[in-house]
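Please read this briefing alongside the sequence and the coordinates, which are shown next. The points that follow are grouped by topic, beginning with a question about strand pairing.

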Amino acid sequence: MEFKDYYEILGVKPDASETEIKSAYRKLARKYHPDKNKEAGAEDKFKSINEANEVLKDVEKRRSYDQLRAGGYRQGEQFRPPPGWQGQQGFGDGGDGDFSDFFESLFGRGAAGGARGQPRPRRGQDLQAQVQIDLQTAFDGGRTRLSLHDPAIGERVLEVKIPAGIQPGQVIRLSGQGQAGMAGGPKGDLLLEVGIRDDARFRLDGRNVVHVLPISPWEAALGASVPVPTLAGTVDLRIPAGSQSGKKLRLKGRGMPGAHPGDQLVELSIRVPLAETDEQRAGYEALREQFEAYDPRR
């Protein structure tokens, strides 16, 4: 029987992370899947890729395999497990795929072979995916239905409980929505990493919410009380007299909810109306005369 270098098969380094192994496996599995690749040898290549992933994604199998590989074995060399090698015991499930003699000599033949006794129940692998939600949903929280598109788990519609005030990058765990267990073991979980879509009115700054508020020149100069949208509804905000564009006003506690709620920062943006009539142009001329000494660039 030939030794199999599972790292070489997946094209990763021996110190590759779980994420790197998963990424390499997905890429190769898509390339050599028998439903898509009809070239000679593609099916055998696909089986080798699955077998390598079965070992390297499992912490115990990988640790045991690394101990063996440290003996200097190379891909394709004749191999026989060393006497008393500890890794060949305790993996009676042998996975759930069509694996080589090399794999079975190390980890068992599984339920079908029966040579190493009944397989022990094992929990299924956790799956990871990303979902995008809008900012209002992130603020309100509650239950929502999400369409999930992911190569690892296909297309699914899930009902997910969103915690109010969730932040981008946070992970929601859905118990029992991962891969099926083996030999009667429980299913793994599905880990959803949350992203928040851009919003036309607001942007997130940590737990704070920023809103750019257009105001008129006379509101800026004389002060005014104006309506301001927030994620919890519209509120009135007092604009101080003499305000300038870029000035930020704070609405305490109007940001994302949580143990320490954020604020809403209202950034003022002075908008100047066009002079479209003779009367409006005359109004600007009068304003210029009143403030003849004012130089905004000084």
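Which residue is the bridge partner of Val228 in β9? In this predicted model, the bridge partner of Val228 in β9 is Val235, and the pairing to which these residues belong is taken up below together with two open sheets and a nonpolar surface patch.

**The β8-β9 hairpin**

- Strand β8, which covers residues 224-230, and strand β9, which covers residues 233-239, run antiparallel and are joined by seven bridges.
- The connection from β8 to β9 is a hairpin that passes through two residues, and Val228 with its partner Val235 in β9 gives one example of the bridging across the pair.

**The three-strand sheet**

- Three strands make up an open sheet in the order β1-β5-β4, and the pairing within this sheet is mixed.
- The edge positions are taken by β1 (127-133) and β4 (171-174), and because each of them has a single partner strand, one side of each is left without a neighbour in the sheet.
- From one strand to the next, the twist in this sheet averages 30 degrees.
- Strand β1 runs parallel to strand β5 (residues 190-196), and seven bridges join the two; within this part of the sheet, Ile133 stands opposite Ile196 in β5.

**The four-strand sheet**

- A further open sheet consists of four strands in the order β6-β7-β11-β10, again with mixed pairing.
- Here β6 (203-205) and β10 (248-251) stand at the edges, and since each has a single partner strand, one side of each is left without a neighbour in the sheet.
- The twist of this four-strand sheet averages 35 degrees from one strand to the next.
- Strand β7 (residues 208-215) pairs with strand β11 (residues 264-270) in the parallel sense, over seven bridges, and Val210 stands opposite Leu265 in β11.

**The nonpolar surface patch**

- Val272, Tyr284, Leu287, Phe291 and Tyr294 together form a nonpolar patch on the surface, whose combined accessible area is about 540 Å².
- One of these patch residues, Leu287, lies in helix α9, which spans residues 278-290.
- Why does Leu287 count as partly exposed? The relative accessibility of Leu287 is 44%, and the class called partly exposed lies between the cut-offs of under 20% for buried and over 50% for exposed, so Leu287 counts as partly exposed.

How values were computed:
Residues are numbered from 1 along each chain as its sequence is written. This is a predicted model: local features need pLDDT of at least 70, side-chain atom pairs count only at pLDDT 80 or more; totals for chains, interfaces and linings use all residues. Side-chain values use heavy atoms; hydrogens and water are left out. Two strands pair if DSSP finds at least two bridges between them. Axes are lines fitted to C-alpha atoms, for helices over the stretch in contact, and angles run from 0 to 180 degrees between N-to-C directions. Patches are made of residues with over 30% relative accessible area and no salt bridge: like charges are joined within 9 Å, nonpolar side chains (Val, Leu, Ile, Met, Phe, Trp, Tyr) within 5 Å. Accessible areas come from the Shrake-Rupley method with a 1.4 Å probe; for residues, only the protein chains shown count as cover. A salt bridge is a side-chain nitrogen of Lys or Arg within 4 Å of a carboxyl oxygen of Asp or Glu. Buried means under 20% relative accessible area, exposed over 50%, partly exposed in between (1.4 Å probe, protein chains only).
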